[in-house]
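Student: I have a protein model open on my screen, and I would like to learn how to read it. Could you walk me through some of its features?

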Amino acid sequence: PLVDVDDLEEFAVRPAPQGVTIKCRITRDKKGMDRGMYPTYYLHLEREHGKKVFLLAGRKRKKSKTSNYLISIDPTDLSRGGESFIGKLRSNLMGTKFTVYDNGVNPMKTTSSLEASVLRQELAAICYETNVLGFKGPRKMSVIIPGMNMDHERVSIRPRNEHETLLARWQNKNTESVIELHNKTPVWNDDTQSYVLNFHGRVTQASVKNFQIIHDNDPDYIVMQFGRVAEDVFTMDYNYPMCALQAFAIALSSFDSKLACE
């Protein structure tokens with residue numbers, strides 16, 4: 001079935017249909033004056049015969065204390081106030097924990113009388129942990145996303161304070177309406193002397209940034225995978241219950257994570 005992307009804004013937050021893997025690629029553009037420091041990342045949907053459909057663009061904001069990426073449905077407009085602003089990814093000071101928001105209102109910047117429906121939703125939280133091998137072995141990622149209701153719609157999580165955030169719920173083991181995912185542990189391969197995952201041909205270059213996200217109950221169901229195919233080209237595939245904005249932001253966090261420096 002062809003995935004309908006006519007309405008980019010709606011598509012970006014719509015969970016992948018069940019049973020359909022949505023195959024995308026991310027290109028990193030480092031050209032230009034400060035692109036070396038602040039590359040722009042473009043997400044395209046892969047169609048048959050090598051065609052591509054633009055979905056999202058992301059870029060790190062300058063002059064921000066923490067890593068802060070704006071995500072837009074217009075590749076030429078990556079401004080916070082633009083019409084095309086659809087979400088953002090923000091890290092903690094350490095660069096080890098990230099939260100993904102939609103384009104709703106920050107509850108800290110508003111009076112309490114606001115309708116709940118205009119408050120921003122948290123769409124994902126990503127937590128990177130160093131492993132016992134320090135930086136040499138595979139790193140650990142935990143991804144927390146809102147759960148799904150009986151109609152297979154995403155539960156809306158709109159925290160009004162830091163106790164209601166995805167990270168707080170996860171840290172307090174209050175995981176009622178959220179789904180906790182992890183990266184699949186790579187297996188050591190003696191032939192290549194490296195840790196490997198099976199990407200079934202979708203990833204062609206070894207990189208510490210390659211990963212697959214799974215639920216512990218079903219390690220064979222790949223919710224999302226990401227990996228390098230060329231210097232500045234990566235494939236990103238995702239499945240139900242993830243949406244494009246969640247998956248793209250998780251990929252952006254992996255480019256940024258301090259624990260990714262090897």
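**Reading the model step by step**

Tutor: Happy to! Let us begin with Arg154, which sits in the loop between strand S8 (140-146) and helix H2 (166-171). Keep in mind that this is a predicted model.

Student: Which side chain of opposite charge is nearest to Arg154, and how far away is it?

Tutor: The general idea first: side chains of opposite charge can pair when their charged atoms come close. In this case the nearest candidate is Asp102, 7.4 Å away, and Arg154 has no salt bridge although it is buried.

Student: Which backbone atom does the side chain of Arg154 reach?

Tutor: It is the backbone oxygen of Val13, at 2.5 Å. Val13 is also among the residues that Arg154 touches, and others include Arg14, Pro15, Leu123, Cys243 and Gln246.

Student: How many salt bridges are there in the model?

Tutor: The count comes to six. One of them joins Asp232 and Arg28, whose closest N and O atoms are 2.7 Å apart. Asp232 lies in the loop between strand S13 (218-230) and strand S14 (233-238), while Arg28 is in strand S1 (residues 22-29), so this pair ties together parts that are 204 residues apart in sequence.

Student: Are the two partners buried or exposed?

Tutor: Relative accessible area tells you that. Below 20% a residue is called buried, and between that and 50% partly exposed. Asp232 has 21%, so it is partly exposed, whereas Arg28 has 14% and is buried.

Student: Which residues are joined into one network by salt bridges that share partners?

Tutor: Let us build it up from Arg202. The side chain of Arg202 meets that of Glu46 in a salt bridge, 3.0 Å from N to O. Arg202 lies in the loop between strand S11 (194-196) and strand S12 (211-215) and Glu46 in strand S2 (residues 40-46), so the pair ties together parts 156 residues apart in sequence. Arg202 also meets Asp237 in a salt bridge, at 2.7 Å from N to O. Asp237 belongs to strand S14, and this pair links parts that are 35 residues apart in sequence. Asp237 counts as buried, at 5% relative accessibility. Through shared partners, Arg25, Glu46, Arg202 and Asp237 are joined into one network.

Student: What about the nonpolar side chains? How many residues does the largest nonpolar core have?

Tutor: In soluble globular proteins, nonpolar side chains tend to be buried together. Here the largest nonpolar core has 53 residues, and those with the most contacts inside it are Ile26, Leu56, Met224, Met236 and Tyr238. Helix H3 (residues 244-256) gives the largest share, nine residues. There is also a second, separate core of eight residues, including Ala125, Ile157, Leu166 and Leu167.

Student: Which residues does Ile26 touch, leaving out those up to four places away in sequence?

Tutor: Among them are Tyr41, Leu43, Phe226, Met236, Phe248 and Phe255. Asp232, from the salt bridge with Arg28, is also touched by Ile26.

Student: Can we finish with a polar residue, such as Asn183? Where is Asn183 found?

Tutor: Asn183 is found in strand S9 (residues 178-183). With a relative accessible area of 14%, Asn183 is buried. The side chain of Asn183 reaches the backbone nitrogen of Met141 at 2.9 Å. Asn183 also touches Lys140, and the C-alpha atoms of these two are separated by 6.5 Å, although they are 43 residues apart along the chain.

Notes: Residues numbered from 1 in each chain as written. Predicted model: local features only at pLDDT ≥ 70, side-chain atom pairs only at ≥ 80, totals over all residues. Heavy atoms only, no water. Core = buried A, V, L, I, M, F, W, Y, C linked by side-chain atoms within 4.5 Å. Buried < 20%, exposed > 50% of the residue type's maximum accessible area, 1.4 Å probe, protein only. Helix = DSSP H or I, 4+ residues; strand = E, 2+ residues; numbered from the N terminus. Contact = heavy atoms within 4.5 Å. Polar contact = N/O pair within 3.5 Å; in protein donor to acceptor, adjacent residues only side chain to side chain. Lys, Arg positive; Asp, Glu negative; His and termini not counted. Salt bridge = Lys/Arg side-chain N within 4 Å of Asp/Glu carboxyl O.
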